[in-house]
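Trainee: Got a minute to go through this one with me? I'd like to take it piece by piece.

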Amino acid sequence: TVIPEEAPPSGPLYEHIAWENPTQPWLVMGFRGPRFDPTRKDMPTMDIFSSIYLSQSSSLYQKLVVEERLVDSFFPSFPDRKDPNLLIIGARLTDAANASAVRDAISETLANARVTPIDAAKLEQAKSRLRYQFAGGLDNSEAIGDLLASYMQFENDPEVINRVYQQYAAVTPQDVIKYANTYFTDKGLVLTTLANTDEMSGFDPDSSIDARVAGRSVRATDSDSAQNDLADRIASWTPDLPAVNAADASFILLPSRSSPLIDLSFVFNVGAANDPAGKKGLAMLTASMLTDAGSKVFSYEDINNAMYPIASGFGSRVDKEMTTLGGSVHSDNVDTWYTLVRSMLLTPAFSEADFNRIKTRAINGIRTDLVGNNDEELGKEILYQRIFGKDHGYGSYNGGNSDDLESITLDDVRAFYHKHFSATGLRVGVSGGFSQDFLRTVKADVARLPRGSAREPAFAKVELSGGRNGFIIEKDTQAVAVSFGFPIDLVRGDDDWVALWLVRSWLGEHRSFNSHLFGRIREDRGMNYGDYAYIEYFPRGMFQFHPDANLAREQQIFQVWVRPLRTNTDAHFATRVAMYELQKLIDDGLTEEQFSASRNFLQKFVSLLVKSQSRQLGYAIDSDYYDIDTFTKYVREELASLTVEEVNRVIREHLQTENMEFVFVAKDASNLREVLMNDVESPIEYNSPKPELADEDSVISKLPLRFRNVEIVSGEEVFK
């Protein structure tokens, strides 16, 4: 097939998108870019360009995100494609009034890149980063297969990877100028803004990059000595802190002589459950100040600059009882990386500028990312609140409430750090090709943490006894989301947990075409995208296939998620289908065939959950928390001894349909409340007849849900 070439670009072009729903404003600049060609330098040079000028270590990112906080999300997207594609630079604005300043800052960076050669040392750092990124992505067979497939599509030859990296190695400072002048031009520009208004107020789209370049001569750049000075400071720094505790932490070690990667996790015995009343989000802010901010020795910019060439980082995740700080690094660079990590962990700067940036991002993450744009996650998180209640340690969102976040001060963060980030209860996980010297250094640093005191379990058991209750979050959304569930008295390691885990998998394995609800709602009836069930907390499900580790909890819920549904009637019917199938499961149990198929699937599937070195470490830490054997061994041994009779007993004892909480995210909340409370019939309409479902659909459309109460709340009021 001959694919016609597009006409040459004739920009600059500008378009404003008036978004119907409330959202943060965006500014996106796209440029007509090159196609993938392993014999040319165009695309490799663009990859290097984005890494130098647009990454988190770039001056532009520091200006827009860190220093002036004009945007809270900034990224390049320069994908490899068979045909010429757009080179995209995206910025989510903290205020629509920032649009011109952000556009000008990006344009100025592009104009400077067109006339000023990049320092040779910075260019080599960018090449180093790309190599270490590539190596770091090869830690499991699935990742290797994905990477090969992404390149094989171009020439059906794995050697294309070597040819591409030969092009990366050959890129010169002059190439960067050459291709910047080829692609970052007014002619190739497509500029887009988005806001919940008819126009971007005060924004003038007429701003020429070419005009900024005109009159400037190509000039030499000074050698960058700052990076050498930073490397010297990193090489010479050690923490001047005494040991204050003995063996208060436990170490989970998974050494591998063959692995070039080292994974390190600090899992602290603290989480969102420790947030004080009126300060929800404090644990999350504190963790972010330890991984996304500067230390007393190295500024945030220093840390980004040093992490950049080694393609590494240090991140955090906060759950109810666990806060995980960690990262992965190639063994070549472990000394540099860990020096930065220990400075962040042991000597955080708690800078006001870092704090304000992180707090702004956290608030926007709630109002825009969660409430505004993620109905799936929104419904799930509200369901936890409804089940556990505001006075329970699990009754608040891990990210906090926006009003609480506004009130939290830097002094609050300091106090929380010194009180809770201690060695007591700390689990330290280390995996990969680490040395004994490295391990001794980590242990010495753990001894420098405060001793602290053990947190005793203090979570009251929750039982629902009020029938079926609904909660509708009313917002301007194009579909309806449904979540429902109830608390269960089982956690990993309990006698019946693996049996219930099998039942969950049969009923609704995440993103699996084999799951029963998926087959009945999506495949048979074509109603929606996903229908899944969970017995452990599983956040960020829309972004991944498998749950994260280090979300271990003393209490869990059984939960079903169904979305997106086109209308209230569809949502009502799909909820009835899910309840109909759940009740059938309780009444009839699994057949021997269904049980055997699910068991065989899970015996193999469990390996996917620990497919990478970092996931193996995470699951090993969780196994220590739950006091069980290696996760794969634990699951397989339990599965091997199960019988269908035992599984059906577990279904009868742990599943029920009488006392549940339901959460809906919908546009027309009043109508949905009316049909739910009155058990109005919800007939389903198909694009083509399905006579084989007619009798069952007739029963389901009238199935009584018997809601005792259904509340409505505006989306603007949740997580405030």
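**Strands, helices and one asparagine**

Mentor: Sure, and keep in mind that this is a predicted model. Let's start with strand 15, which pairs with strand 12 (residues 480-488) in the antiparallel sense over five bridges.

Trainee: Okay, so which residue stands opposite serine 483 in strand 15?

Mentor: Strand 12 and strand 15 run antiparallel where they pair. Opposite serine 483, on the strand 15 side, you'll find valine 663.

Trainee: And what is the bridge partner of isoleucine 472 in strand 15?

Mentor: Here the pairing is with strand 11 (residues 468-474), parallel this time, over seven bridges. The strand 15 residue that partners isoleucine 472 is phenylalanine 664.

Trainee: How many of the seven residues of strand 15 are buried?

Mentor: Take the faces one at a time. On one side, Met660, Phe662, Phe664 and Ala666 are buried, and on the other so are Glu661, Val663 and Val665. Strand 15 (residues 660-666) is largely enclosed by the rest of the structure, because the buried count is seven of the seven.

Trainee: Moving on to asparagine 568 in helix 20 (residues 568-588): is asparagine 568 buried or exposed?

Mentor: The cut-off for buried is under 20% relative accessible area. Asparagine 568 has 11% relative accessibility, so the label is buried.

Trainee: Which side chain does the side chain of asparagine 568 make a polar contact with?

Mentor: Its contacts farther than four places away in sequence include Val480, Ala666 and Leu672. The asparagine 568 side chain also reaches the backbone oxygen of aspartate 668 at 3.1 Å. The side-chain partner, at 2.8 Å, is asparagine 671.

Trainee: What about helix 10 and helix 16: how are they oriented to each other?

Mentor: Helix 10 (residues 282-291) and helix 16 (residues 410-420) have axes 9 Å apart, at an angle of about 85°. That makes the two helices roughly perpendicular.

Trainee: How many residues of that contact between helix 10 and helix 16 are nonpolar?

Mentor: Helix 10 brings residues including Leu282, Met289 and Leu290, and helix 16 brings Val413 and Phe416, among others. One residue of the contact is polar and one is charged, while the nonpolar count is nine.

Trainee: Last one: which residue in strand 5 is the bridge partner of valine 28?

Mentor: Strand 2 (residues 26-32) runs antiparallel to strand 4 (residues 86-93), with seven bridges joining them. Strand 2 is also antiparallel to strand 5 (residues 189-195), over six bridges. In strand 5, valine 28 is partnered by threonine 192.

Methods. Residues numbered from 1 in each chain as written. Predicted model: local features only at pLDDT ≥ 70, side-chain atom pairs only at ≥ 80, totals over all residues. Heavy atoms only, no water. Buried < 20%, exposed > 50% of the residue type's maximum accessible area, 1.4 Å probe, protein only. Helix = DSSP H or I, 4+ residues; strand = E, 2+ residues; numbered from the N terminus. Pairing = 2+ DSSP bridges. Axes fitted to C-alpha atoms, helices over the stretch in contact; angles between N-to-C directions. Parallel < 35°, antiparallel > 145°, perpendicular 65-115°, else oblique. Contact = heavy atoms within 4.5 Å. Nonpolar A, V, L, I, M, F, W, Y, C, P; charged D, E, K, R; others polar. Polar contact = N/O pair within 3.5 Å; in protein donor to acceptor, adjacent residues only side chain to side chain.
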